[in-house]
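This report covers one protein chain. The sequence and the coordinates come before the text.

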Amino acid sequence: MNHTGEQKITRNAYDRLLDICSPPNIDPEERARRTWPGVVGILSCPVLFGDAFCNLYGGRFLLGGLLFSSGAIVLISVLAGRKKKDAKAYYRLTMAAIGILFLYLMGLIEVYPHHMFWSFVFPLASLYLLGRKEGLLYTIIYDLIIMILVLNQSLGMLPADYESRFKSEYLLSLFIVSLMAYCFEVIRFQYQEATKRRQASLETANQQLSQEIEKRKMMEQAATDALLELKEAESQLIQSAKLASIGELAAGVAHELNQPLMVIRATAQMTRRSQNKGALVV
């Protein structure tokens with residue numbers, strides 16, 4: 001398969017992902033932005049449902065119910081949100097479900113220590129889905145809850161033998177991830193705004209160029225009309241000159257003919273007078 005065929009297949013697959021994850025009547029940049037959450041949501045649903053059934057089968061009904069509920073909310077958000085221009089309501093619901101799930105997993109780190117690292121996903125997802133302002137609010141609330149759960153020994157979220165250094169490093173890592181996600185979202189927002197400004201300036205320039213082209217077309221049309229009028233006037237002048245030449249020629253011919261005719265007329269009159277005198281003498 002050649003390179004053009006591979007590009008065509010890739011493009012068709014990307015267009016199908018856009019159609020699945022976002023409505024066609026929104027801004028292309030917004031469609032592209034909503035594609036990745038949709039793909040991640042579609043891929044994560046089977047994992048959440050599978051893990052939910054495993055936990056339900058193992059007797060962990062609360063965790064299984066949370067996993068199943070989270071998977072159902074993610075699936076509903078992807079399917080229902082793709083038909084909406086503004087899907088933030090579904091994103092808020094998704095982030096609330098995922099936040100509750102991650103906080104519950106924090107309570108299981110004594111049995112499953114690796115579950116605590118799922119908390120790093122929340123800042124990335126909330127800032128990307130909800131934007132720099134609302135996503136930052138969700139992230140701050142979530143980080144504060146995590147901080148309270150980690151530092152407050154009375155809650156028993158972390159085993160007593162966890163060192164203070166580990167807790168500090170974990171909270172610092174969570175803060176750094178949240179800050180990086182926020183900075184990335186700010187940069188993306190500024191880039192998007194700069195792109196919109198460039199597009200607006202390009203549209204203004206295109207409008208001005210279209211107006212200039214229209215003016216030039218009108219000027220060309222006026223010049224063409226003037227040239228046609230000039231040609232018509234030239235044709236009329238040529239015709240008038242021809243008629244004037246014909247008139248002068250006719251006048252010259254008439255003058256030349258008039259002289260011999262006058263001589264003939266005078267001769268005829270003299271001859272007639274001579275004949276009349278001879279008749280009188282006789």
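The sections below treat the overall make-up, two helices, the core, the salt bridges and two single residues.

## Overall make-up

The model is predicted. Its protein chain holds 6 helices and 0 strands, and from the N terminus the order of elements is α-α-α-α-α-α. The chain has 282 residues, of which 26% count as buried. Of the contacts between residues at least 6 apart in sequence, 58% join residues at least 24 apart.

## Helices α4 and α5

Helix α4 covers residues 88–106, which is 19 residues. At 1.5 Å a residue the expected span is 27 Å, and the end C-alpha atoms of α4 are 26 Å apart, so the two values agree. The buried residues of α4 include Tyr91, Thr94, Met95, Ala97 and Gly99. Leu101, Phe102, Leu105 and Met106 of the helix are buried too.

Helix α5 (121–151) does not fit the straight-helix estimate: with 31 residues, a straight helix would reach 45 Å, but the end C-alpha atoms of α5 are only 20 Å apart. The helix also has a kink of about 140 degrees, centred on Gly131.

A pair of positions in this part of the chain can be compared with that geometry. Pro123 lies in helix α5. Its C-alpha atom is separated by 5.3 Å from that of Thr139, although the two residues are 16 apart along the chain. Pro123 has a relative accessible area of 0%, under the 20% limit, and is therefore buried. Leaving out residues up to four places away in sequence, Pro123 touches Thr139, Asp143, Leu174, Ser178 and Ala181.

## The nonpolar core

The largest nonpolar core has 24 residues, and those with the most contacts inside it are Leu101, Ile146 and Tyr170. The elements that give two or more residues to this core are α2 (28–57), α3 (61–81), α4, α5 (121–151) and α6.

Leu101 is among the buried residues of α4. Ile146 touches Tyr170, and also Leu103, Met106, Ser119, Leu171 and Leu174, when residues up to four places away in sequence are not counted. One of these partners, Met106, is a buried residue of α4. Another, Leu174, is also touched by Pro123.

## Salt bridges

Side chains of opposite charge can pair when their charged atoms come close. The count in this model comes to 3 salt bridges.

Glu134 forms a salt bridge with Arg92, with 2.4 Å between the closest N and O atoms. Glu134 lies in helix α5 and Arg92 in helix α4, so this pair ties together parts that are 42 residues apart in sequence. Arg92 has a relative accessible area of 31% and is partly exposed.

The other two bridges lie within helix α6. Arg188 and Glu185 form a salt bridge whose closest N and O atoms are 2.6 Å apart; the two residues are 3 apart in the helix, about one helical turn. An α-helix has 3.6 residues a turn, so residues three or four places apart point the same way. Glu212 bridges to Arg216, the closest N and O atoms being 3.6 Å apart, and these residues are 4 apart, about one turn of the helix.

Are the members of these two pairs buried or exposed? Both Arg188 and Glu185 are buried. Glu212, at 36% relative accessibility, counts as partly exposed, while Arg216 is exposed at 53%.

## Glu185 and Thr195 in helix α6

Glu185 is found in helix α6. Its relative accessible area is 2%, so Glu185 falls under the 20% limit and is buried. A polar contact of 2.6 Å joins its side chain to that of Arg188. Apart from neighbours within four places in sequence, Glu185 is in contact with Arg33, Leu127, Tyr128, Gly131 and Arg132. Gly131 in this list is the residue on which the kink of α5 is centred.

Thr195 is placed in helix α6, which covers residues 164–281. Thr195 is buried, with a relative accessible area of 14%. The side chain of Thr195 reaches the backbone oxygen of Tyr191 at 2.7 Å.

Definitions and conventions. Residues are numbered from 1 along each chain as its sequence is written. This is a predicted model: local features need pLDDT of at least 70, side-chain atom pairs count only at pLDDT 80 or more; totals for chains, interfaces and linings use all residues. Side-chain values use heavy atoms; hydrogens and water are left out. Buried means under 20% relative accessible area, exposed over 50%, partly exposed in between (1.4 Å probe, protein chains only). A polar contact is a pair of N or O atoms within 3.5 Å; within protein, one must be able to donate a hydrogen and the other to accept it, and residues adjacent in sequence count only if both atoms are side-chain atoms. The expected span of a helix is 1.5 Å times one less than its number of residues. A nonpolar core is a set of buried Ala, Val, Leu, Ile, Met, Phe, Trp, Tyr and Cys residues joined through side-chain atoms within 4.5 Å. Contact means heavy atoms within 4.5 Å. The bend at a residue is the angle between axes fitted to the seven residues ending there and the seven starting there. A salt bridge is a side-chain nitrogen of Lys or Arg within 4 Å of a carboxyl oxygen of Asp or Glu.
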